[in-house]
Amino acid sequence: MAREQIEAANGASGAVTLLERQADDFEGLDRNAFDTVIINSVVQYFPSLEHLIRVLEGALAAAKPGGAIFIGDVRSLPLLQAFSASVELFQAPSTLSLSALRAAIARRLNQERELVISQAFWLALQQRYPQISRVEIRPRWGNAGNEMNRFRYNVTLFLDPKEQSRVAPQWLDWTAEGLTLDAIRGVLQTGSETLAIKGVVNARVEKDVEALARLADSDDSWTAGELRETLDSGPTRGVSPDEIRSLAKDFGYQAETSWASCRPDGSFDVFFRRPGADEVTSGATIAWPRPETVVKDLTVHVYDPSRISIRQKLVRQLRDHAKATLPESMVPADFVLVDALPLTSDGAIDRSALSAAEIVPVTQSEESVDSSAAAG
């Protein structure tokens with residue numbers, strides 16, 4: 001389709017080169033030659049973290065000093081549980097018990113097949129590759145209220161060898177200061193040149209995060225319908241990034257937002273500035289809030305879908321071994337994989353913690369479906 005559109009454009013075909021190849025194949029491309037490399041809405045389909053790293057290393061080699069790499073539409077790992085809870089709660093019959101709902105959420109998480117990346121991954125990546133001078137992690141714009149802008153974000157890696165001036169503002173805390181959209185409006189009306197707020201409660205995911213908390217605290221006498229009613233009737237403390245941008249526009253400000261803080265509740269940070277009001281501030285980058293420490297090991301910041309195939313292989317091996325060594329009546333119907341057995345305070349196995357809400361069996365039928373999907 002892209003080739004047809006380019007050929008249809010008058011005189012454009014000679015200015016554009018199309019190469020059909022694997023994403024990690026940069027062979028033949030000049031090093032340090034491109035102002036911008038765009039990797040948009042595809043990383044979630046990469047088969048593994050290893051593949052992602054190869055693509056990023058190729059992009060870093062291809063981009064010129066002073067250039068940038070844009071990675072768009074990235075699924076947020078800190079919000080993966082909230083996303084799963086959102087989907088399962090929306091689909092659940094009103095009479096479904098919370099224990100069954102917890103099990104459905106756990107099953108969805110256990111069967112995840114896409115690459116899901118924490119915002120902290122990109123900060124750790126900067127530590128590994130010093131040519132990355134700055135990382136910007138932004139919530140996506142859009143009022144549609146769907147997965148694309150609620151649970152995903154955009155990243156830009158800047159490769160600027162020159163040291164840029166940075167502004168380290170005094171951050172107001174949204175929750176500690178009891179801020180609201182009206183309170184922000186009042187500050188902007190005063191004509192303040194800048195306003196920096198951290199930990200803005202994100203209205204896009206506020207109810208989903210609350211649902212997770214209530215699922216953890218509520219007893220099993222509750223139903224999915226009762227949980228939905230409680231969430232719908234409760235107050236909303238947050239605002240969306242789009243409300244922030246609209247408010248800034250009304251008062252002649254620019255509003256920049258950041259998700260670099262990597263908070264598990266999905267809250268974001270915002271910096272308002274009036275264009276041209278302060279020449280230094282207007283041209284500087286913002287020293288955004290970040291985690292106090294970022295683990296350098298990239299694997300801890302990624303849900304790697306390649307572990308699905310490893311799990312399937314292990315289950316097949318366990319089943320084959322059981323069939324070969326045990327009477328047929330003793331071969332387990334289900335095999336459950338957990339990272340570690342839960343223990344009591346005295347070191348014994350905590351059997352009560354091994355509930356269906358926390359671990360999900362990998363059955364023969366599930367394995368067959370997984371194998372067929374992989375073969376297709």
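**Close-up views of helix and sheet packing**

**View A. Helix 7 against the sheet.** Helix 7 (residues 181–189) lies across strand 8 (194–200) and strand 10, and runs at about 165° to strand 8. Contact means heavy atoms within 4.5 Å; helices (H or I, at least four residues) and strands (E, at least two) are DSSP runs numbered from the N terminus. Axes are lines fitted to C-alpha atoms, for helices over the stretch in contact, with angles from 0 to 180 degrees between N-to-C directions. The model is predicted: local features need pLDDT of at least 70, side-chain atom pairs count only at pLDDT 80 or more, and totals for chains, interfaces and linings use all residues. Residues are numbered from 1 along each chain as its sequence is written, and side-chain values use heavy atoms, with hydrogens and water left out.

**View B. Helix 10 against the sheet.** Helix 10 (residues 241–250) lies across strand 9 and strand 10, at about 10° to strand 10.

**View C. The open sheet.** The sheet has 4 strands in the order 7-8-10-9, with mixed pairing (two strands pair if DSSP finds at least two bridges between them). Strand 7 (172–173) and strand 9 (254–258) are the edge strands, each pairing on one side only. Strand 9 and strand 10 (residues 268–273) run antiparallel and are joined by 5 bridges. Threonine 257 has valine 270 in strand 10 as its bridge partner.

**View D. Helix 3 with helix 8.** Helix 3 (residues 80–91) packs on helix 8 (residues 206–217) at an angle of about 90°, with the axes 9 Å apart. Gln81, Ala82, Ala85, Ser86 and Leu89 of helix 3 meet Asp208, Val209, Ala211 and Leu212 of helix 8.
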